[in-house]
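Visitor: Got a minute to walk me through this one? I'd like to go from odd backbone spots to the empty spaces.

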Amino acid sequence: MGIFYRISVFCFFLIFTYVNLLEVAVYLNHYYLVCLLLFILIWIPADRALNIFHIFRIFKSGSIEEIDPIPQWSLYILRFQIGAVYFFGGIGKLVPDWLFDAQPVRIWLLRNSDIPLFGPILSMSATGYFFSYAGLMFDLSVPFLLLFRKTRMLGYSLVVIFHFLTWKLFPIGMFPWVMILNATLFFSPTWPVDLFQFLKSKSMLPDRENIFHFLWTRFPIHFKKSVLAFIESYLFF
């Protein structure tokens, strides 16, 4: 959110990395990716634009203020890190087990054989091979699809579909959502501002006076009532 940015990121990096390396039973390479991204964020000035203070100024004034630009290498190094995850993930799939036996995808899909309607399809051998080769082609191609403007929307659509399916079918935690969000790094750096301007032009944003009136008057009352109701139910029932 931009508050004590470098200190916050550094502490988060240390704590998350320590916990990730401490317990081998919960280790995932996806968590290792989070550690790498946090380490990169320590060194780049990611708090210059659209931090919490800037967002409040936007809603208060109703207009986008001049955004302090960051060096281009900051964006490119993040893009490289995300692209490397996909590309080298594809390289890692170029092994006999994946190519010729569709393993371990077939084993993973069998865990979902009890899903109504789709369970029998997922347990088929052909489905395992389809997912294996689809995942291979996706990993090797999607960084380049995201890199070029003409194919970027196609690439991002594939990212959303691919990670939604993996989230539903495989127990891989928060990784799909991390990658869906991080893939937006390949968009134009000004896309949040462009989105704000588009929503504003279509009158899809609430009036700023109503927002602040709710935040500073009604919201604290509702929050207080909710907290008191929770405490009362917890203590007396």
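Guide: Sure, and keep in mind that this is a predicted model. Let's start at L117, which counts as exposed because its relative accessibility is 76%, over the 50% cut-off.

Visitor: Where does L117 sit?

Guide: L117 is in the loop between α6 and α7, the latter being residues 119–122. Its backbone is worth a look too: phi is positive, about 70°, although L117 is not a glycine.

Visitor: What about A102, what's its phi?

Guide: Near 55°, a positive value in a residue other than glycine. A102 is found in the loop between α5 and α6.

Visitor: And is A102 buried or exposed?

Guide: Buried, because its relative accessibility is 0%. The loop between α5 (96–100) and α6 also holds P104.

Visitor: What kind of peptide bond joins Q103 and P104?

Guide: A cis one, with omega at about 10°.

Visitor: Ok, zooming out. How many helices and strands are there in the chain?

Guide: The chain has 12 helices and 0 strands. Of its 237 residues, 31% count as buried.

Visitor: What does the surface look like, in terms of atoms?

Guide: The accessible surface comes to about 16,200 Å², and carbon and sulfur atoms make up 73% of that.

Visitor: How much of the contact count comes from residues far apart in sequence?

Guide: Taking contacts in the chain with a separation of 6 or more, 65% are between residues 24 or more positions apart. For a single pair, I7 and I42 are 35 residues apart in sequence, and their C-alpha atoms are 8.4 Å apart in space.

Visitor: Which helix is I7 in?

Guide: I7 is in α1, residues 5–22. I7 counts as exposed because its relative accessible area is 56%.

Visitor: Then T127, buried or exposed?

Guide: T127 is buried, because its relative accessibility is just 11% and the cut-off is under 20%. T127 belongs to helix α8.

Visitor: Which residues does T127 touch?

Guide: Leaving out residues up to four places away in sequence, T127 touches L109, I121 and L122.

Visitor: Switching topic: which residues does UniProt annotate as "transmembrane region"?

Guide: The UniProt entry, which is unreviewed, puts that annotation on residues 31–56, 76–95, 115–141 and 153–170. In the model, residues 76–95 are 85% helix and 0% strand, with the end C-alpha atoms 30 Å apart.

Visitor: And what about residues 153–170?

Guide: That span is 94% helix and 0% strand, and its end C-alpha atoms lie 25 Å apart.

Visitor: Now for α10. How many of its residues are buried?

Guide: 6 of the 8 residues of α10 are buried, so that helix is largely enclosed by the rest of the structure. The buried ones are F175, P176, V178, M179, I180 and N182.

Visitor: What do they pack against?

Guide: The buried residues of α10 pack against α2, α4 and α9.

Visitor: On to empty space. How many cavities of 30 Å³ or more does the structure hold?

Guide: It holds 1 cavity of that kind. The largest cavity has a volume of about 30 Å³, and its lining consists of H30, Y31, V34, M174, F175 and V178.

Visitor: Which elements give two or more residues to that lining?

Guide: Those are α2 and α10, with α10 covering residues 175–182. The biggest share comes from α2, with 3 residues. By class, the cavity lining has 5 nonpolar residues, 1 polar and no charged.

Visitor: And how much space is in the second largest pocket?

Guide: About 1,000 Å³. There are 34 lining residues, and the closest to the pocket centre are H30, K93, D139, F162 and F175.

Visitor: Which elements give two or more residues to the lining of that pocket?

Guide: They are α2 (29–43), α4 (72–92), α6 (105–110), α8 (125–147) and α9 (149–169). The most comes from α9, with 7 residues.

Visitor: How does the lining of the second largest pocket divide by class?

Guide: It has 23 nonpolar, 8 polar and 3 charged residues. H30 and F175 turn up twice here: both are in the lining of the largest cavity and among the residues closest to the centre of the second largest pocket.

Notes
Residues numbered from 1 in each chain as written. Predicted model: local features only at pLDDT ≥ 70, side-chain atom pairs only at ≥ 80, totals over all residues. Heavy atoms only, no water. 1 Å grid on protein atoms, 1.4 Å probe; cavity = no way out; pocket = protein on both sides within 12 Å on 5 of 7 lines; lining within 4 Å. Points joined across faces, edges and corners; volume = space filled by probe spheres on them. Helix = DSSP H or I, 4+ residues; strand = E, 2+ residues; numbered from the N terminus. Nonpolar A, V, L, I, M, F, W, Y, C, P; charged D, E, K, R; others polar. Buried < 20%, exposed > 50% of the residue type's maximum accessible area, 1.4 Å probe, protein only. Contact = heavy atoms within 4.5 Å. Areas by Shrake-Rupley, 256 points an atom, 1.4 Å probe, with all protein chains shown as cover. UniProt positions renumbered as here; feature names shortened; annotations may be inferred.
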